[in-house]
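Visitor: Please take me through one part of this structure in close detail. I would like to see how a single strand sits among its neighbours.

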Amino acid sequence: MRVVLAEDHFLLRDGLSRLLEAYQHEVVATVDNGPELLSALIDVVPDVAIVDVRLPPAFSDEGLRASVEARSRIPGLPILLLSQYVEPLYAHELLATGSEGVGYVLKDRVTNGTQFMSTIQRVAEGGTAMDPEVVSQLLIRKDRDEHMGSLTQREREVLECVAQGRSNAGIAEALFITEKAVAKHISNIFSKLGMPPSDTDNRRVLAVLAYLNR
Amino acid sequence: MASTRQFRESRPPTADQGFSVSRGLTAWKRCAVLWWLSLRSFWLSLWMVTVSMLLGSRPGAGLLPSTVRMIRRLADRQRHLAKEWSGIEIPAVYEDLPTGNRGVALRSQLLARNNQIWRDWRWATLDPIVGPLIAIGPFALVLSGFWGLLTAVFGAELSKQWDSIWFLFIPVQNVPTAVLAGVLGVLMFPLALWTAPRSVHWHSRYLRAMLAPSESEMMAHRIEHLTTTRSDAVDTQMAELRRIERDLHDGAQARLVAMGMTLDAAERLLETNPEAVRTLLAEARQSSSKALEELRDLVRGIHPPILADRGLADAVRSLALTCPIKSEVAIDLPRRPEPPLESAAYFAVSEILTNATKHSGAERVWIDLRHDAGQLRISITDDGRGGADASGGSGLHGIERRLATFDGVLAVSSPLGGPTIVTMELPCALSSQKTTFS
């Protein structure tokens, strides 16, 4: 895959590009500030971009802004946002550009190389990857929702995994249950929350995130 | 300077100039209200004389707090009307009273003079006379007008039976003088309407002369306020630093030490027991992610990244987004306030929302944030069970103290059964930075 990497911290930038190369991906451009990122995204049109939210010059949310801008010009451009902290409002804004090929995860996740690589892969393929932290923050709001209250503990865990963008196989692995059980839980969740069943993984994530954002 | 700022007159420049019938009529009614209020101060002054005579004794001191409260309520009403009607702001500087033995404290204030209690007291004594005198003009003119009309119609006839009938300076005896009296009488009505707004304004100015504290007193009060809020601010800051130090010491620092030890153990076992090394490394990684998590929480508590990135408006939106209660946000903030004030306002909102979540049992909460006339106004309303109390040991008092550093105020209205409305006002100027991008 051709990757654009935007990260102002030298150590992290270096580590990330080494990690990517170890997995046979090509880092076509590395940038360390917002304006350069936007032009790189538009010129190169990578298979996936890994972007730090906070970048120079103002060290606020340049990475997010550039990503939103780039996705408005090139719809569906796969972007994975990395951040030292997750902010539901940013997830909101990123998802507003369409939830295909977007991800928003904590920087901590890079410490687990295999998992991080599969996250990148998923985003590049047009999937969605939301950090568990984002999902749990979104779920706080739904604590008093009556439909949510009717979910069992296990169904709630499955819902969290779905919102993170995991596939059935991924969920089964994370919760130590069979894929068949996962499918059953998911159909229960969808009927309890009054959502129409979705056939593809991505439509499913969409439905759940839309529900949580409501 | 703060003290002079409060004397500023913000009324529209033409308030008591020129002539307008509708304004005259309104002002005429206002004069009537002022009369009515003076009547109340008359009754009050009778009671005050009684209390004054008993002042040296124990029961006298016992009656003092309630009397002072009554006077203050009347004075507050008058101050409010002066601001509303004439745009004259009359500051009041009431000193804090000790909780026990208020009567004695008030007595010593009264005897010491040159404080708000004493000024209120002086005003309430004089007001039954001075107040009506100022407000009497428009009434007298109207009465005089009626008398003029009456003499115009009946004057010539009546003067035959009585010795003479006078209207102002005119002895009404025949048709020409009757006509003159009639014309003058009619003129009295517009004159009354012309006088009324001026009387209201004069009344407000008299009120200010009687009730407003002197410049030096305002200054002393200001200095006292600044001293208290400064020491509060220093205390809060110190406590914050202590908390951060403790959090780092018990959290991230301890975890990093543990991680170092785990890695050290792994290094020693590398040759002999590779399987154990694998578990140790997994442990080290877990420690590192725990440490990161704790640092993240700490940073959020010091200065939330979203506040730094996007400013108050989006930070409050984000709070609403993660608030377990259904929330509606209305924000009208064209630019960002200064960072310290932003941070104070943010934490105040955050704490009030937490309170609402924990104690109110509310289903919905409404957050309204706007900048208006140099003030940042925030109101948070919930439909919970009410009964919140700012003076109690709740977090509200802490918020109030922290806002005081910025000359901000907090008001809570929370009747039993709800709703609870918390309102905050902070004087603030907006910077040129925009709050959101689009």
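Guide: What follows is a close look at one strand of chain A, and then a look at a sheet in chain B. Keep in mind that this is a predicted model.

Start with strand E4 of chain A, residues 79–83. Five of its five residues are buried, so the strand is largely enclosed by the rest of the structure. In a regular strand, side chains alternate between the two faces of the sheet. Now look at E4(A) itself. A:Ile79, A:Leu81 and A:Ser83 point one way. A:Leu80 and A:Leu82 point the other way. Residues on both sides are buried.

Next, the neighbours. Strands of a sheet pair through backbone hydrogen bonds, either parallel or antiparallel. Strand E3 of chain A, residues 48–52, runs parallel to E4(A), and four bridges join the two. Find A:Ile50: its bridge partner in E4(A) is A:Leu80. How does the chain get from one strand to the other? Helix H3 of chain A, residues 62–73, belongs to the link: E3(A), H3 and E4(A) form a right-handed β-α-β unit.

E4(A) also pairs with strand E5 of chain A, residues 102–106. This pair is parallel too, with five bridges. Here A:Ser83 sits opposite A:Leu106 of E5(A). From E4(A) the chain passes through helix H4, residues 88–95, to reach E5(A), and this β-α-β crossover is right-handed. A UniProt record, from an unreviewed entry, lists residues 2–122 of chain A as "domain: Response regulatory". That span is 45% helix and 21% strand, and its end C-alpha atoms lie 14 Å apart.

Now set a sheet of chain B beside this. Five strands form an open sheet with mixed pairing, in the order E3-E5-E6-E8-E7. Strands E3 (326–332) and E7 (409–413) of chain B stand at the edges, each with a single partner strand, so one side of each has no neighbour in the sheet. The twist averages 10° from one strand to the next.

Take the edge strand E7(B). Five bridges join E7(B) to strand E8 of chain B, residues 420–427, and the two run antiparallel. B:Val412 stands opposite B:Val422 in E8(B). Helix H12 of chain B, residues 395–404, packs on the sheet and touches E7 and E8 of chain B. The direction of H12 makes about 155° with that of E7(B). Helix H11 of chain B, residues 339–360, lies across E5, E6 and E8 of chain B, at about 10° to E6(B).

Key
Residues are numbered from 1 along each chain as its sequence is written. Chains are lettered from A and ligands numbered from 1 in the order in which they are written. This is a predicted model: local features need pLDDT of at least 70, side-chain atom pairs count only at pLDDT 80 or more; totals for chains, interfaces and linings use all residues. A residue is buried if 20 or more other C-beta atoms lie within 10 Å of its own, exposed if 12 or fewer, and partly exposed in between; C-beta atoms are placed from the backbone. Two strands pair if DSSP finds at least two bridges between them. A crossover is right-handed if, with the strands pointing away from the viewer, the path from the first strand over the helix to the second runs clockwise. UniProt positions are given in the numbering used here, feature names are shortened, and annotations may be inferred rather than shown by experiment. Axes are lines fitted to C-alpha atoms, for helices over the stretch in contact, and angles run from 0 to 180 degrees between N-to-C directions. Two residues are in contact if their C-beta atoms, placed from the backbone, lie within 7 Å.
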